[in-house]
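Here is a small set of exercises to work through with the structure open beside you. Try each task before you read its solution.

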Amino acid sequence: MSARLLYVCALVAACVPFSSSARAAEYVEMSGQELYMRFCASCHGVEGRGDGPVAPALAVEVPDLTLIARRRGSFPRDLVARIIDGRHIISAHGTRTMPVWGLAFSRAELDEQDTRIITRKLTDYLAQLQRPVQRSDGQ
Ligand code: HEC
């Protein structure tokens, strides 16, 4: 590695702790909807219907998140939380240690408590998005 490159790396590393802790605080303060817009809407769509701008570029279909309860009979809070925090692996979300939004979260140096807060806000937000389990036409 050249001296110049080493210098740049050191400079970047020196700047990270300050800016990242500011971001952790920022994420924890965000509402579930704001977190969703920032980390999920690109694929799942602004309204959760699976029609985000990145969706067509993916090999797998992006699910409509407003239909989770209808598809499963009720809203599986625990499973959804595990999908969000990466304990339940979904390949399109990346790996457990590095889900697609996890990079942003890990740069922000979220601790376990921050992760729990953010996961709960996102889970609550998705619970709110659910369309009724029973269809009005009885089907
Ligand atoms: C890179 C695109 C992408 C991003 C960003 C993304 N998802 Fe997903 N998500 C997917 C895809 C694709 C699937 C379906 C994968 C599968 O079934 O294997 C999925 C599945 C899910 C499921 C399971 C739905 C079901 O019916 O079982 C949940 C819940 C979910 N995502 C929530 C989120 C949340 C919350 C975020 C933001 C923190 C998010 N996703 C960010 C692409 C994405």
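The exercises below go from the whole chain to single residues.

**Before you start.** This is a predicted model, so local features need a pLDDT of at least 70, side-chain atom pairs count only at pLDDT 80 or more, and totals for chains, interfaces and linings use all residues. Residue numbers start from 1 along each chain as its sequence is written.

**Exercise 1. Find out which elements the chain has and how confident the predictor is in them.**

Step 1: Assign the elements as DSSP runs, numbered from the N terminus (helices are H or I with at least four residues, strands are E with at least two). The chain has seven helices and zero strands, in the order α-α-α-α-α-α-α from the N terminus.

Step 2: Read off the pLDDT, the predictor's confidence in each residue, from 0 to 100. The chain averages 78, and 68% of the residues score at least 70.

Step 3: Compare the elements. Helix 4 (residues 68–72) has the highest mean pLDDT, 96, and helix 1 (residues 3–29) the lowest, 56. Over residues 1–18 the pLDDT is below 50, and beyond near neighbours in sequence this stretch has one contact in the model; a contact means C-beta atoms, placed from the backbone, within 7 Å.

**Exercise 2. Check the length of helix 7 (residues 112–129) against its expected span.**

Step 1: The expected span is 1.5 Å times one less than the number of residues.

Step 2: For the 18 residues of helix 7 this gives 26 Å, and the end C-alpha atoms are 26 Å apart, so the two agree.

**Exercise 3. Decide whether Tyr 36 and Glu 29 are buried or exposed.**

Step 1: Count other C-beta atoms, placed from the backbone, within 10 Å of the residue's own: 20 or more is buried, 12 or fewer is exposed, and in between is partly exposed.

Step 2: Tyr 36, in helix 2 (residues 32–39), counts as buried because it has 20 such neighbours. Glu 29, in helix 1, has 9 and therefore counts as exposed.

Step 3: Put the count in context: 19% of the 139 residues of the chain are buried.

**Exercise 4. Work out which helices build the largest nonpolar core.**

Step 1: Join buried Ala, Val, Leu, Ile, Met, Phe, Trp, Tyr and Cys residues through C-beta atoms within 7 Å. The largest such core has 17 residues, and those with the most contacts inside it include Leu 35, Tyr 36, Val 80 and Leu 122.

Step 2: Sort by element. Helix 2, helix 5 (77–85) and helix 7 each supply at least two residues of this core, and helix 7 gives the most, with four.

Step 3: Look at helix 2, whose buried residues are Leu 35, Tyr 36 and Phe 39. They lie on the same side of helix 2 because they cover an arc of only 100 degrees around the axis, taken over the directions from the helix axis to the C-beta atoms.

**Exercise 5. Trace which residues Tyr 36 and Val 80 touch beyond four places in sequence.**

Step 1: Tyr 36 is in contact with Ala 41, Leu 122 and Tyr 125.

Step 2: Val 80 is in contact with Ile 68, Thr 123 and Leu 126. Helix 4 and helix 7 are among what covers the buried residues of helix 5.

Step 3: Thr 123 is also 9.7 Å from Tyr 36, C-alpha to C-alpha, although 87 residues separate them in sequence.

How values were computed. Contact = placed C-beta atoms within 7 Å.
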